[in-house]
Amino acid sequence: MTEAVRFKGVSRHFGEVRAVDAVDMVVGEGEFFAMLGPSGSGKTTCLRLIAGFERPTAGQIDIFGESSANVPPYKRHVNTVFQDYALFPHLNVLDNVAYGLMIAGMGKRERHHLAEEALELVALPGYGSRKPSALSGGQRQRVALARALVNKPKVLLLDEPLGALDLKLREQMQEELKALQRQLGITFVFVTHDQGEALSMGDRVAVFNEGRIAQVGPPEEIYFRPQVPFVAEFVGSSNLFDPALMERLSGIAEYATVRPEAVRVHPNGSTQGHPAKVTSTSFLGTSSRVVMNLDGTRLTALLPKGADIPEPGATVIATWEAADLHIMNGAVVGAAGEAHNG
């Protein structure tokens, strides 16, 4: 794999705050790489470090094999799409898209031609004469994307670019961004706090927590085989069993997870399994959520449409297939309660 970006022991401190703490990371050329995590986890700071808007406190960042230590932002082969789009309200769409080319000294005719090509790429042909105020949120997002792409970057950095869109438009733009990345073949580094967004778009996902990467891998691995409890709880919805409960259930004193969709709920006495008491139920449309108390631990099941839903207070039998129980061998909890690999 050709490396587009490599972090080597990179840290970024703001006073006593370790926003990024000794991160090692590789982003491959042509990869859609998603950085996922809660607010303050370090993902956006890593993006800004790649762009050159922040400088590392320690460590080194290589872009296509060359150190970026003394390379200013405008000389890096990267461009950034921000969440607020940062369009100039007094310029029309064409001049917004062509702005970077103008700063670089390109003639008006040539830069407008390239800007029109970029607008066609993002499905906005003929929109060049409009002002940003006349566009919808999704159209403004496309203009910001065209403005970044017109400079032909080797790496496109996207800082939660879909966060301001409504759900339906956000899902549409997810599909369009992924298709565009495949069409162009350039590296996308995408920051988000939305787990579904990262899993559906990323070729690989890096999950950040407290300035470090908790796990990095393909979406299926992140979802079904989390390495540490934080990833299991943050990515999607999961039932986390601590070693004490696991020892009582199976004799294996390790952290383990099972996804709610893998849990089955049976009437009490109808089968062998784990007795649990139903605490609440919720109708979700295509499924129903059943929350239970299993030996003092919260257990959630997602039951498909048409399944019998027990009443709150009922005692039921919870089961799951052995293959659906993922045991996190070596996952331990430190003094602060943060899980890591031992």
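**View 1. Helix α10 lies across a set of three strands, β11, β12 and β18.** This close-up, like the others here, comes from a predicted model. Helix α10 covers residues 243-250 and runs at about 85 degrees to β11. The strands it lies across are β11, β12 and β18, and they form an open sheet in the order β11-β12-β18, with antiparallel pairing. Look at the edges: β11 (239-241) and β18 (326-328) each have a single partner strand, so one side of each is left without a neighbour in the sheet. From one strand to the next, the twist averages 25 degrees.

**View 2. Here we zoom in on the pairing of β12 with β18.** Strand β12, residues 255-258, runs antiparallel to β18, and three bridges join the two. To find your way along the pair, start at Tyr255, which stands opposite Met328 in β18.

**View 3. Leu325 sits in the loop between β17 and β18.** Strand β17 spans residues 315-319. Who does Leu325 touch, once residues up to four places away in sequence are set aside? The list is Phe241, Met246, Ala256, Thr257, Val258 and Trp320. Phe241 belongs to β11 (239-241), Met246 falls within α10 (243-250), and Ala256, Thr257 and Val258 lie in β12 (255-258). Ala262 is worth picking out too: Leu325 and Ala262 are 63 residues apart in sequence, yet their C-alpha atoms are 8.7 Å apart in space.

**View 4. Now over to an open sheet of four strands, with helix α1 lying across part of it.** The strand order is β2-β1-β4-β5, and the pairing is antiparallel. At the edges stand β2 (17-28) and β5 (66-67); each has a single partner strand, so one side of each is left without a neighbour in the sheet. Strand β1, residues 3-14, pairs with β2 over eight bridges in the antiparallel sense. A handy landmark is Phe14, which stands opposite Val17 in β2. Helix α1 (residues 43-51) lies across β1, β2 and β4 (58-63), and runs at about 115 degrees to β1.

**View 5. This one shows the largest pocket, with about 700 Å³ of space inside.** Its lining is made up of 23 residues, and Tyr74, Val78, Asn79, Gly100 and Asn151 lie nearest the centre. Which elements each supply at least two residues of the lining? They are β6 (78-81), α3 (99-103) and α5 (137-149). Of these, α3 gives the largest share, four residues. Sorted by class, the lining of the pocket has 14 nonpolar, five polar and four charged residues.

**View 6. Last stop: the place where domain 1 and domain 2 are in contact.** The domain assignment puts residues 3-229 in domain 1 and residues 234-341 in domain 2. Taken over C-alpha atoms, the centres of the two domains are 37 Å apart. How many residues are in contact on each side? Domain 1 brings 17 residues, and domain 2 brings 15.

Technical notes: Residues numbered from 1 in each chain as written. Predicted model: local features only at pLDDT ≥ 70, side-chain atom pairs only at ≥ 80, totals over all residues. Heavy atoms only, no water. 1 Å grid on protein atoms, 1.4 Å probe; cavity = no way out; pocket = protein on both sides within 12 Å on 5 of 7 lines; lining within 4 Å. Points joined across faces, edges and corners; volume = space filled by probe spheres on them. Nonpolar A, V, L, I, M, F, W, Y, C, P; charged D, E, K, R; others polar. Pairing = 2+ DSSP bridges. Contact = heavy atoms within 4.5 Å. Axes fitted to C-alpha atoms, helices over the stretch in contact; angles between N-to-C directions. Domains from an automatic or database assignment.
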